[in-house]
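Please open the model in your viewer and keep the sequence panel beside it, so that residues can be selected by number as the tour goes along.

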Amino acid sequence: MPIDEKFVENLEVTGKTLHSDGENKHFIWGSGRTDGEAFSNDDVKAAYEARGEEQVPLGIHGTTVAVDWDSCVAAGSCMSVCPVQTFQWYRTEKDIPAKDVNGATFDGTGLTEQDERLDYTDKSQPIREHDCTQCMACQEACPTHAILIEPSYQEYHEKADGSYVKMESSSVNPHAHD
C-alpha cells in the first residue's frame, strides 16, 4: 500500500527522533496501522517472533523524506540507491524495539548498506532527512512504496518544530518594480 500522499494533512505528529547534532530531527506522524505490508510479510513476522517482540503500529517517520514504518519490510532498496546516505538501519545503531524509537536520540552511525540490517524488524530511518537531494531514487526503488519524498512538506516540518515563519510581502504586488 503506497504511503498516504496527504499524510501531513491527515495525521498528527505523535513524536520525534532526534539527531545528536542538536539541530536536526525528524517527526513521527500518526499512531500507525496494522494493514501495512510489514504486518503481512512472513520474514518480518518471523523476525519479531524470534526476538520475542510484539509487532505494533509505528507510523510515518520523517516529513520531507517520509518512511511508513508499517509498510517498510526492510528490503533496503532505498539504501542501495541513495547518493547521500539519508537512511540508516536504526537497529544497527541502537538495537531497541521500534516502539521505543519515539523520543530517542541517534548519532547517525548506523549501517547504511542494503544487506546490513540486523534482521527484518529493522527499519529504514531517515536520520539525515536534512541532507536529502530529492533525487527520488529511494521512492522509486522501494518495493512497498513506503517512501514519499516531498520537499514542499518542509513547511509542515517547520510548523511541527515551532520554527515556521511566514514571509509576508510589503507590497500589494510582490512582482512589481518601481
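The tour below goes from a sheet to a pocket, then to a loop residue, and ends with cavities.

Before selecting anything, bear in mind that this is a predicted model.

**The sheet**

Begin with the strands, and colour them by their place in the sheet: six strands form an open sheet in the order β6-β1-β2-β3-β4-β8, with mixed pairing. At its edges, select residues 105-106 for β6 and residues 147-149 for β8, each of which pairs on one side only. Now add helix α6, which packs on the sheet, where it touches β1 and β2, and whose direction makes about 95° with that of β2.

**Strand β2 and its neighbours**

Next select residues 25-29, which form strand β2, a mostly covered strand in which five of the five residues are buried. If you show the side chains, you will find K25, F27 and W29 pointing one way from β2, while H26 and I28 point the other way.

On one side, select residues 13-19, strand β1, which pairs with β2 in the antiparallel sense over five bridges. Here G15 has I28 of β2 as its bridge partner. Follow the chain through the hairpin of β1 and β2, where five residues lie between the strands, and stop at G22, which takes a positive phi near 80°.

Then select residues 60-61, strand β3, which also pairs with β2 in the antiparallel sense, this time over two bridges. The bridge partner of W29 in this strand is I60, and I28 stands opposite H61.

**The largest pocket**

Which residues lie closest to the centre of the largest pocket? Select N24, E129, H130, Q154 and H157, which are the closest to the centre among the 14 residues that line this pocket. The volume of the pocket is about 230 Å³. To see where much of the lining comes from, select residues 154-161, helix α6, which gives the largest share with four residues. If you colour the lining of this pocket by class, you should find two nonpolar, seven polar and five charged residues.

**T64 in its loop**

Is T64 buried or exposed? Select this residue in the loop between β3 and β4, the latter being residues 65-68. T64 counts as buried because its relative accessibility is 9%, which is under the 20% limit used for that word. Leaving aside neighbours within four places in sequence, T64 is in contact with E129, L148, I149, E150, P151, Y153 and Q154. Two of these contacts, E129 and Q154, were already selected as residues close to the centre of the largest pocket.

**The cavities**

Finally, turn to the enclosed spaces: a search of the whole structure finds three cavities of 30 Å³ or more. For the largest cavity, select C72, A75, G76, C78 and C142, which lie nearest its centre among its 15 lining residues. This cavity holds about 110 Å³ of space, and its lining has 11 nonpolar, four polar and no charged residues.

For the second largest cavity, select C82, T86, C132, C135 and C138, which lie nearest its centre among 13 lining residues. About 50 Å³ of space lies in this cavity, and its lining divides into 11 nonpolar, two polar and no charged residues.

Methods. Residues are numbered from 1 along each chain as its sequence is written. This is a predicted model: local features need pLDDT of at least 70, side-chain atom pairs count only at pLDDT 80 or more; totals for chains, interfaces and linings use all residues. Side-chain values use heavy atoms; hydrogens and water are left out. On a 1 Å grid over the protein atoms alone, a cavity is a set of points where a 1.4 Å probe fits but cannot get out, and a pocket is an open set with protein on both sides within 12 Å along at least five of seven lines; lining residues have an atom within 4 Å of a point. Grid points are joined across faces, edges and corners, and a volume is the space filled by probe spheres set on the points. Ala, Val, Leu, Ile, Met, Phe, Trp, Tyr, Cys and Pro count as nonpolar, Asp, Glu, Lys and Arg as charged, and the others, Gly among them, as polar. Buried means under 20% relative accessible area, exposed over 50%, partly exposed in between (1.4 Å probe, protein chains only). Two strands pair if DSSP finds at least two bridges between them. Contact means heavy atoms within 4.5 Å. Axes are lines fitted to C-alpha atoms, for helices over the stretch in contact, and angles run from 0 to 180 degrees between N-to-C directions.
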